[in-house]
Amino acid sequence: MTPPLALLSPEPDEPRGLDEPERRTDGPHRPAELFLVEPLPAEPLPPESLPPESLPPEQTAPPEPELDPGLAAEGLARSVLEVLAGARDLQQLTRWVTAEVHAVLRARVQLSTRARSVLADRPIRPVLRIGTVTVARPVPGVAETVVVVHGRGRARAVAIRLEIVCGRWQASALHIL
């Protein structure tokens, strides 16, 4: 099998300075040149043939926090619903959620505050009862949880992805259904 060809674009005839605008000429151009290129190896080398310093370090799981991920998700789900109801300040959750989750929650809090002000409702602490809590561990250091929270006349599912950060569980994704 012949090696593949690579097309190289022609270089300009004259070098131009940094402050000169690009000139376009309608005259004849130099044709592009073709060169033979060696193909890349089809399969990577086996790890035994690589030197030890080029191998990636073994991935170890971070130490498990004392708090069970199911309990952490349960408390976080309750707190998030209280924040959205206006009964708790969002700043109380800052250390338990990532910056991205905090930004999303801040936007939802602003929407719910605006809706309460239009309806002239006062924030009240919701009466919540925690239902089932499901925990899955897809990889070490990560727990994906679903918490069913029952309120007055409505049940909601809160899906939370928890990751170990600085020795504690932190929510990297949170969805309220």
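The paragraphs below walk through a sheet, the helices that pack on it, and two individual residues in a predicted model.

We can begin with the sheet, which is open and consists of four strands in the order E3-E4-E5-E6, paired in the antiparallel manner. Its edges are formed by strand E3 (129-136) and strand E6 (168-176); each of these has a single partner strand, so one side of each is left without a neighbour in the sheet. On average, and with direction ignored, neighbouring strands are turned by 25° against each other.

The pairings within the sheet can be followed strand by strand. Between E3 and strand E4 (residues 142-151), six bridges are found, and the sense is antiparallel. Two bridge partners illustrate the register: Val133 is matched with Val147 in E4, and Thr134 is matched with Val146, also in E4. The hairpin of E3 and E4 has five residues between the strands, and Gly141 adopts a positive phi there, near 85°. Moving on to the next pair, E4 and E5 run antiparallel and are joined by 10 bridges. Here His150 stands opposite Ala155 in E5. These two strands also form a hairpin, with two residues between them, and the turn contains Gly153, whose phi is positive at about 75°. A glycine with positive phi is thus found in the hairpin of E3 and E4 as well as in the turn between E4 and E5.

Two helices accompany the sheet. Helix H1 (residues 69-85) packs on it and touches E3, E4, strand E5 (154-165) and E6. The direction of H1 makes about 125° with that of E5. Helix H2 (residues 99-119), for its part, lies across E5 and E6 and runs at about 45° to E6.

The helices also meet one another. The axes of H1 and H2 come within 8 Å and cross at roughly 40°, which makes H1 oblique to H2. On the H1 side, the contact involves Val80, Val83, Leu84 and Ala85. Their counterparts in H2 are Leu105, Arg108, Val109, Ser112 and Arg116. Sorted by class, the contact of H1 with H2 comprises six nonpolar residues, one polar residue and two charged residues.

Two single residues round off the picture. Ser79 has its place in helix H1. With a relative accessible area of 12%, Ser79 counts as buried, because this value falls under 20%. Leaving aside neighbours within four places in sequence, Ser79 is in contact with Arg88 and Leu93. Gly167, by comparison, lies in the loop between E5 and E6. The relative accessible area of Gly167 is 45%, so this residue is partly exposed. Gly167 and Glu64 are 103 residues apart along the chain, and their C-alpha atoms are separated by 7.1 Å.

Definitions and conventions
Residues are numbered from 1 along each chain as its sequence is written. This is a predicted model: local features need pLDDT of at least 70, side-chain atom pairs count only at pLDDT 80 or more; totals for chains, interfaces and linings use all residues. Side-chain values use heavy atoms; hydrogens and water are left out. Two strands pair if DSSP finds at least two bridges between them. Axes are lines fitted to C-alpha atoms, for helices over the stretch in contact, and angles run from 0 to 180 degrees between N-to-C directions. Contact means heavy atoms within 4.5 Å. Buried means under 20% relative accessible area, exposed over 50%, partly exposed in between (1.4 Å probe, protein chains only). Angles under 35 degrees count as roughly parallel, over 145 as roughly antiparallel, 65 to 115 as roughly perpendicular and the rest as oblique. Ala, Val, Leu, Ile, Met, Phe, Trp, Tyr, Cys and Pro count as nonpolar, Asp, Glu, Lys and Arg as charged, and the others, Gly among them, as polar.
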